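Hi,

Here is the structure I promised to pass on. Have a look at it first, then read on for what turned up.

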Amino acid sequence: MTQNKDQLLIAGKLYQSRLLVGTGKYKDFEQTRLAIDASGAEIITVAIRRTNIGQNEGEPSLLDFVPPSRFTYLPNTAGCYSVDDAVRTLRLARELLDGHKLVKLEVLGDPKTLYPNVIETLKAAEVLIKEGFDVMVYTSDDPIVARELENIGCCAIMPLASLIGSGMGILNPWNLQIIIEHAKVPVLVDAGVGTASDAAIAMELGCEGVLMNTAIASAHDPIMMASAMKKAIEAGREAFLAGRMAKKLYSASPSSPTQGMIS
Amino acid sequence: MQLRINGNIKSFDDSTMTVEGLVIKLNLLGKRIAIEKNGMIISKSEFQNITLQDGDQLEIVGAVGGG
């Protein structure tokens, strides 16, 4: 086994876990915390939203349950449909998180499918990188767009496996393979994973990691699913590193010896 | 003075108030927030120096669960 030192490198920082998780859609903060602990994730996404004004002082906050001192926060631009909204959101996130630079950029193009608007995404990435952000970018599985985003300077390319929240799994492994083959920065599948085998397949394709939220949060037992995902990511990664056998229609070489058969 | 905070008009008796003063009034002191005044981000170190004016538009944001 040679995988002990296998770590994920993003924007100059090493991570043990290749599973990145969102913090949305959970029943409560306690369930969020337990699921994230079970997932083993070190990088967790958060959204930036208006604070409740005039609420009670003691109201619990996500930050109390998953403190930024323990996790690498990945503020996202979920719900942004324009360059301006996305850039504005992440500037606020940087202020909020004391100069934190690592961000997840997503610029959506359609409220029904949540499909990314890659044209706006490219423009926003350019602005953010000029301002010193380390941009992990959500995009379609178009290899040319992925290449352009890398050329602009994104520190990780995160193509969808299928649409956000759909749980449809990996619909186009071939495109993902092309993206992975050409990229010099980490490629992570973001969105569409539904269950553990989807995550394992992404890792077997050679993805450096997987980002997911709904697959865990919307499972009947989110904490158990988080644990399943952790194992699937590790298994998929090891299988990728181990190098799978070649596929063939049939084999004339059985696994048991042909010598010494009783007669 | 009247301020538009997160899209809602709020009235205050004070005629002058700093951003820090507002943060205290809203029970947000010590909370992890970021504030934008009329489209410009105000850094935390400036909260006590920046004075608010009638009609200012403020966005006060925090981190919430999201994917």
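Searching the whole structure turns up 19 salt bridges over all chains. Keep in mind as you read that this is a predicted model. If salt bridges are new to you, the idea is simple: oppositely charged side chains can pair when their charged atoms come close.

One of them sits inside chain A, where the side chains of A:Asp37 and A:Arg33 meet with N to O at 3.5 Å. Both of these residues belong to helix 1 of chain A (residues 29-39), and they are 4 residues apart, or about one turn of the helix.

Now for the place where the chains meet. The rule finds 5 salt bridges across the interface of chain B and chain A. Among them is the one between B:Glu36 and A:Arg88, whose closest N and O atoms are 2.4 Å apart. Polar contacts turn up here too: 17 residue pairs between chain B and chain A count, both residues being at pLDDT 80 or more.

Which strands of chain B each supply at least two residues of the side that touches chain A? They are strand 4 (34-37), strand 5 (40-42) and strand 7 (57-65). Strand 7 of chain B gives the largest share, with 7 residues. Sorted by class, that side of chain B has 12 nonpolar, 8 polar and 6 charged residues.

Strand 7 of chain B also pairs with a strand in the other chain. It runs antiparallel to strand 4 of chain A (residues 43-50), and 5 bridges join the two. To find one on your screen, go to A:Ile48: its bridge partner in strand 7 of chain B is B:Ala63.

How big is the interface? People often give the size as the accessible area lost when the parts come together. Here, the area buried between chain B and chain A is about 2400 Å², and carbon and sulfur atoms give 56% of that. On the chain B side, B:Arg32, B:Ala63 and B:Gly67 lose the most area to chain A, together 25% of what that side buries. In terms of contacts, 26 residues of chain B touch 27 residues of chain A.

Finally, the confidence scores. The model has an ipTM of 0.94 and a pTM of 0.92. Chain B averages a pLDDT of 93, with 100% of the residues scoring at least 70. Among the elements of chain B, strand 4 has the highest mean pLDDT (97), while strand 2 (residues 8-11) has the lowest (93).

Cheers

Technical notes: Residues are numbered from 1 along each chain as its sequence is written. Chains are lettered from A and ligands numbered from 1 in the order in which they are written. Side-chain values use heavy atoms; hydrogens and water are left out. Contact means heavy atoms within 4.5 Å. Buried area is the accessible area (1.4 Å probe) that two parts lose on being put together, summed over both. A salt bridge is a side-chain nitrogen of Lys or Arg within 4 Å of a carboxyl oxygen of Asp or Glu. A polar contact is a pair of N or O atoms within 3.5 Å; within protein, one must be able to donate a hydrogen and the other to accept it, and residues adjacent in sequence count only if both atoms are side-chain atoms. Ala, Val, Leu, Ile, Met, Phe, Trp, Tyr, Cys and Pro count as nonpolar, Asp, Glu, Lys and Arg as charged, and the others, Gly among them, as polar. Two strands pair if DSSP finds at least two bridges between them. pLDDT is the predictor's confidence in each residue, from 0 to 100.
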